[in-house]
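Me: Please take a close look at the place where the two chains meet, and set it in the context of the chain itself.

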There are 2 protein chains.
Amino acid sequence: MNRRAPSGAAVLQPAITAAITDAVLAELLERGYARLSMDGVAKRAGAGKSALYRRWRTKQEMVLAVLAKISVPLADPADTGSLRGDLRASVAAVATWLTEPPFSRIIPDLVAEATRAPELAAAIANTVGEPRRALARTNLERAIARGELPADTDLEMAQDLMAALVYWRMVVRQAPVEPDYLDRVTDTILRALGATLT
Amino acid sequence: MNRRAPSGAAVLQPAITAAITDAVLAELLERGYARLSMDGVAKRAGAGKSALYRRWRTKQEMVLAVLAKISVPLADPADTGSLRGDLRASVAAVATWLTEPPFSRIIPDLVAEATRAPELAAAIANTVGEPRRALARTNLERAIARGELPADTDLEMAQDLMAALVYWRMVVRQAPVEPDYLDRVTDTILRALGATLT
């Protein structure tokens with residue numbers, strides 16, 4: 001009986017992956033995407049550079065894998081039984097994601113970088129944006145099934161609405177928000193979608 | 001008769017102001033706000049640093065004055081006689097402003113910088129955001145006067161809607177837009193505001 005550890009692909013130790021993940025987030029916060037380096041992340045994580053390259057081939061792949069692993073599960077929608085309840089929960093989750101550290105700084109920085117690098121924009125969409133949207137879409141599909149939204153609802157516009165107002169007011173403008181702001185955003189989206197509330 | 005040039009405040013030559021303006025925009029595009037310097041702008045403009053400091057006391061004041069001078073007039077709203085027409089024109093103007101160079105790169109870069117510097121965020125709001133919003137608000141007030149919008153319309157949310165969807169789809173996501181995208185954004189906003197179209 002062969003009792004050796006698996007050969008070929010090296011076994012990736014979860015503790016090292018976790019240390020690298022923390023280091024990537026800290027470097028993104030402090031230095032931004034453009035100045036983040038594999039060297040800097042390895043040093044901060046107390047790991048060798050080979051530990052990074054065993055996991056990801058490039059800096060872009062590493063950063064996006066780390067961001068996706070945290071950001072995508074945050075889009076898992078609540079099932080409250082009503083469109084209003086689901087939307088209110090989704091908008092609140094988006095607001096938390098976009099406005100609290102570390103993402104409140106990391107995302108605007110990545111957006112600025114992506115305006116200079118279309119392939120980075122495409123990679124962000126593929127690894128973070130689309131998986132988040134696929135998860136969140138179930139909210140809207142449940143509402144269509146319940147008859148709360150028209151069957152021909154523009155799902156892409158609906159999903160834009162769930163993030164766009166919060167991003168513009170709270171991230172771009174950094175403007176004050178009323179205590180009932182998230183409720184008002186929810187009502188605005190419901191009207192925009194022509195929802196029939198049950 | 002005294003024929004000397006005016007004394008006291010120096011006369012600011014428009015040609016030099018124009019050269020400095022071009023240099024500020026070019027440096028913002030190439031280097032971004034953080035790495036832009038008074039030295040770099042002066043060199044690119046072929047002017048002395050004193051020419052800059054006669055006009056503005058700080059880098060922040062200079063950059064925001066240049067951006068406001070171009071951005072604020074772009075928000076001057078069309079008066080097409082209908083809310084739909086006015087909104088469609090405003091949304092198209094916002095899309096042009098946010099998605100074409102130089103602002104398509106400059107604005108995301110400034111947003112990222114402002115997340116690290118609240119006083120920069122406040123200065124952007126005071127010099128660019130609020131003057132733009134004051135101009136654009138006349139659209140909405142005309143529609144209220146015509147009975148197309150409720151008298152208690154949330155003007156701040158309405159103004160957020162005019163930029164938020166375009167910014168999220170076209171700048172943050174850099175996602176494809178349908179040929180009739182701006183029409184669909186206009187319809188979405190009209191529904192969100194509970195407009196009664198005349």
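The reply below starts with the chain and then turns to the interface.

Reply: This is a predicted model, in which local features need pLDDT of at least 70 and side-chain atom pairs count only at pLDDT 80 or more, while totals for chains, interfaces and linings use all residues. Residues are numbered from 1 along each chain as its sequence is written, chains are lettered from A and ligands numbered from 1 in the order in which they are written, and side-chain values use heavy atoms, with hydrogens and water left out.

Chain A has nine helices and zero strands (DSSP runs numbered from the N terminus: helices are H or I with at least four residues, strands E with at least two). Its C-alpha atoms fill a box of roughly 60 × 50 × 30 Å along the principal axes.

Chain B can be laid on chain A with an RMSD of 0.0 Å by a turn of 180° and a shift of 0.0 Å along the axis (least squares on the C-alpha atoms of residues with pLDDT of at least 70 in both copies). The two copies are thus related as by a two-fold rotation axis. Of the residues of chain B, Ala192(B) comes closest to that axis, its C-alpha lying at 1.9 Å.

In the interface, 40 residues of chain B are in contact with 40 residues of chain A, contact meaning heavy atoms within 4.5 Å. The area buried between the chains is about 3,600 Å², and carbon and sulfur atoms give 56% of it; buried area is the accessible area (1.4 Å probe) that two parts lose on being put together, summed over both. Arg116(B), Met157(B) and Trp168(B) supply 19% of the area that chain B buries against chain A, more than any other three residues.

One part of this interface pairs helix 9 (residues 181-192) of chain A with helix 9 (residues 181-192) of chain B; their axes come within 7 Å and cross at roughly 120°. Axes are lines fitted to C-alpha atoms, for helices over the stretch in contact, and angles run from 0 to 180 degrees between N-to-C directions. The two helices are therefore oblique to each other (under 35 degrees is roughly parallel, over 145 roughly antiparallel, 65 to 115 roughly perpendicular, and the rest oblique). Thr188(A), Arg191(A) and Ala192(A) meet Thr188(B), Arg191(B) and Ala192(B) there. By class, this contact has two nonpolar, two polar and two charged residues, where Ala, Val, Leu, Ile, Met, Phe, Trp, Tyr, Cys and Pro count as nonpolar, Asp, Glu, Lys and Arg as charged, and the others, Gly among them, as polar.
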